[in-house]
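Open the model in a viewer and keep the sequence panel visible. The stops below each begin with a selection and then say what is there.

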Amino acid sequence: MLNTSQLSNDVKYVSDRCREFRKSANVSQFELSEITGMSYSTISRIENDQRIPDLEQLFRYCYALGIPITAFLPPSIQHLGASEKTQSLRSKY
């Protein structure tokens with residue numbers, strides 16, 4: 001069963017990383033909007049935990065800031081690839 005509390009924490013983790021990585025790169029939200037082609041309001045809503053970024057938006061952050069996509073993965077899901085079931089699925093594909 002899905003743990004909705006953990007999911008909420010993980011979504012917040014991603015939005016916090018978006019803001020943290022942008023600030024570490026010394027890039028304003030406005031500058032990032034110009035680089036990524038996303039609107040300023042979208043970036044603001046993502047970074048203020050008002051919008052869940054989709055995969056394309058995360059890729060835009062990655063390309064603009066030079067960050068690997070794995071940097072956005074919350075610690076709670078980084079271990080998921082280690083299960084037997086996952087390993088079995090990987091071997092099929």
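## The whole chain

Of the contacts in the protein chain with a separation of 6 or more, 51% are between residues 24 or more positions apart. This is a predicted model, and the values below are computed from it.

Colour the protein chain by secondary structure. It comes to six helices and zero strands, and from the N terminus on the elements run α-α-α-α-α-α. Now switch to a surface representation. The protein chain exposes about 6400 Å², and carbon and sulfur atoms supply 54% of that area. Buried residues make up 30% of the 93 residues.

## Stop 1: helix α1 and its charged side chains

Select residues 4-24, which is helix α1, and show the side chains of K12, D16 and R19. How are K12, D16 and R19 linked? They are joined in a network of salt bridges.

Take the K12 link of the network. The side chains of K12 and D16 meet in a salt bridge at 3.0 Å, N to O. Both residues lie in helix α1, four residues apart, which is about one turn of the helix.

Then take the R19 link. R19 forms a salt bridge with D16, and the closest N and O atoms are 2.7 Å apart. Because R19 and D16 are three residues apart in helix α1, about one helical turn separates them.

Colour these side chains by accessibility. Is D16 buried or exposed? D16 has 17% relative accessibility and therefore counts as buried, the cut-off being under 20%. K12, at 38% relative accessibility, counts as partly exposed. R19 is also partly exposed, with a relative accessible area of 25%.

As general background, side chains of opposite charge can pair when their charged atoms come close.

## Stop 2: S15, on the same helix

Stay on helix α1 and select S15, which is found there. S15 is buried, with a relative accessible area of 1%. Which residues does S15 touch, not counting residues up to four places away in sequence? With that exclusion, S15 touches I46, E47 and D49.

## Stop 3: helix α3 and its cover

Two of those contacts lead to the next selection, residues 40-47, which form helix α3. Its buried residues are T42, I43, S44, I46 and E47. I46 and E47 thus appear both in this list and among the contacts of S15.

Next display the surroundings of these residues. What covers the buried residues of α3? The cover includes α1, α2 (29-36) and α4.

Move on to D49, the remaining contact of S15 named above. D49 follows α3 and has a positive phi, near 60 degrees. Check the backbone torsion at D49 if your viewer reports it.

## Stop 4: helix α4

Select residues 55-65, helix α4, which is part of the cover of α3. Show E56 and R60. Their side chains meet in a salt bridge at 2.6 Å, N to O. E56 and R60 both lie in helix α4, four residues apart, about one turn of the helix. E56 is partly exposed, with a relative accessible area of 46%, and R60, at 28% relative accessibility, counts as partly exposed too.

A search of the whole structure finds five salt bridges; among them are K12 with D16, R19 with D16 and E56 with R60.

Now select L55, F59 and Y63. Together they form a nonpolar patch on the surface, with about 360 Å² of accessible area. F59 has its place in helix α4. At 32% relative accessibility, F59 counts as partly exposed.

## Stop 5: two cysteines

Finish by selecting C18 and C62 and showing their sulfur atoms. How many disulfides does a search of the whole structure find? It finds zero disulfides. C18 is in no disulfide, and the nearest cysteine sulfur, that of C62, is 8.5 Å away. C62 is likewise in no disulfide, its nearest cysteine sulfur being that of C18.

A disulfide is a covalent bond between the sulfur atoms of two cysteines. The cut-off for counting a disulfide is a pair of cysteine sulfur atoms within 2.5 Å.

Both cysteines can be checked against the surface. C18 counts as buried at 0% relative accessibility, and C62 counts as buried at 7%.

Note on methods:
Residues numbered from 1 in each chain as written. Predicted model: local features only at pLDDT ≥ 70, side-chain atom pairs only at ≥ 80, totals over all residues. Heavy atoms only, no water. Salt bridge = Lys/Arg side-chain N within 4 Å of Asp/Glu carboxyl O. Helix = DSSP H or I, 4+ residues; strand = E, 2+ residues; numbered from the N terminus. Buried < 20%, exposed > 50% of the residue type's maximum accessible area, 1.4 Å probe, protein only. Patch = residues over 30% accessible without salt bridge, like charges linked within 9 Å, V, L, I, M, F, W, Y side chains within 5 Å. Areas by Shrake-Rupley, 256 points an atom, 1.4 Å probe, with all protein chains shown as cover. Contact = heavy atoms within 4.5 Å.
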